[in-house]
Structure formats: C-alpha cells, structure tokens
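Student: I am new to this structure and should be grateful for a close look at one part of it. Would you please describe that part step by step, together with what surrounds it?

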Amino acid sequence: MKRNTWITLIIIILTVIGLFIFLAFVDNKTTNNTNDQKNNSSLSQDQPVTTKNQINISNLAFNPNSLTIKAGDTVVFKNSDPVAHTVTADNKEFDMPVNSNGSVSVTLDETGTVKYRCNNHPTMTGIVVVQ
Ligand SMILES: [Cu+2]
C-alpha cells in the first residue's frame, strides 16, 4: 500500500475510536441526567407529604374542618386570621394558643377521633380522625 493510504486508514480508525468514546460519554451523561430526574421526582413526591397535614385557620373556621391522618402524624394549624385563636381538644389532650399569622403543631399517636375547638370562638370546631 502507498503511504497516503496508510495515513488515511489510521485517520479513519482514530476517528471511529474517537466517535465510540464520544458516544459512550454522551450516553453516560444522559443516564446520569435520568437518575437525577428520578431523584428529583422522588423528592418532590416526598415534599407534599410533609405539608399534607395542615389545617388553615381563616375567617373564623378550621379548613379542612375534618382531617384524616395516620397515627404518629403531625398536624400543623396555621392561623391566617388577623385575630388570635386556640386549638383546644375537647378531651384536653392539647390546648394551644395560636397568634395571628402564627402556627402550632401537634403529633397524634393514638387512633380515634379527636374533636377540637377554639376557646375564643365557640362556633369554631373541627375533628381529626387518627387511623
Ligand atoms: Cu378563634
């Protein structure tokens, strides 16, 4: 073979090897991105769970008025009203004042229905069902 033919052949071989390395690199990068997306989506799935057990207090009412949780879950009461309220269990299990724009939380470990009210406003009542 002529010298030019050898050089051309070597260039082709090097190009093919380079292409394989490039493709392997791109493929690896794509796989990593997919893993990142999986991790992100599992994170975003976890996040709503932590804010799920929230009861908003607004317009002199607990919203939702009835909430079902699992034993051991924490319920957060957020007061969006311009006045102070209390979150007081009928069975005296908890009695928490909650200021305007403040929040309080309680962890309920025992299954059953917990009735609660606001001491300042007799019409404000709600229940938490612990399963
Ligand atoms: Cu109140």
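**A strand pair and its surroundings**

Tutor: Let us begin with one pair of residues: Gly-112 has Val-130, in β9, as its bridge partner. The model is predicted, so local features are given only at pLDDT of at least 70 and side-chain atom pairs only at pLDDT 80 or more, whereas totals for chains, interfaces and linings use all residues. Residues are numbered from 1 along each chain as its sequence is written.

The bridge belongs to a longer ladder: β8 (residues 112-117) and β9 (residues 125-130) run antiparallel and are joined by six bridges. Here a strand is a DSSP run of E with at least two residues, numbered from the N terminus, and two strands pair if DSSP finds at least two bridges between them. In general, strands of a sheet pair through backbone hydrogen bonds, either parallel or antiparallel.

β8 and β9 are members of an open, mixed sheet of five strands, ordered β3-β9-β8-β5-β6. At its edges stand β3 (66-69) and β6 (95-98), each of which pairs on one side only. Neighbouring strands of this sheet are turned by 20° against each other on average, with direction ignored; the axes are lines fitted to C-alpha atoms, and angles between N-to-C directions run from 0 to 180 degrees.

β8 also contributes to the largest nonpolar core, which has twelve residues, including Val-114, Tyr-116, Leu-108 and Val-128. Such a core is a set of buried Ala, Val, Leu, Ile, Met, Phe, Trp, Tyr and Cys residues joined through C-beta atoms within 7 Å. A residue is buried if 20 or more other C-beta atoms lie within 10 Å of its own, exposed if 12 or fewer, and partly exposed in between, with C-beta atoms placed from the backbone. β1 (54-58), β4 (73-79) and β8 each supply at least two residues of this core. Leu-108 shows the links well: beyond its neighbours within four places in sequence, its contacts (C-beta atoms, placed from the backbone, within 7 Å) include Val-114, Val-128 and Val-130.

Two loops lead to and from the edge strand β6. Lys-92, in the loop between β5 (85-89) and β6, has a positive phi of about 65° although it is not a glycine. Lys-92 counts as exposed because it has 7 C-beta neighbours inside 10 Å. Asn-101, in the loop between β6 and β7 (103-108), likewise has a positive phi, near 65°.

Note on methods
Helix = DSSP H or I, 4+ residues; strand = E, 2+ residues; numbered from the N terminus. Contact = placed C-beta atoms within 7 Å.
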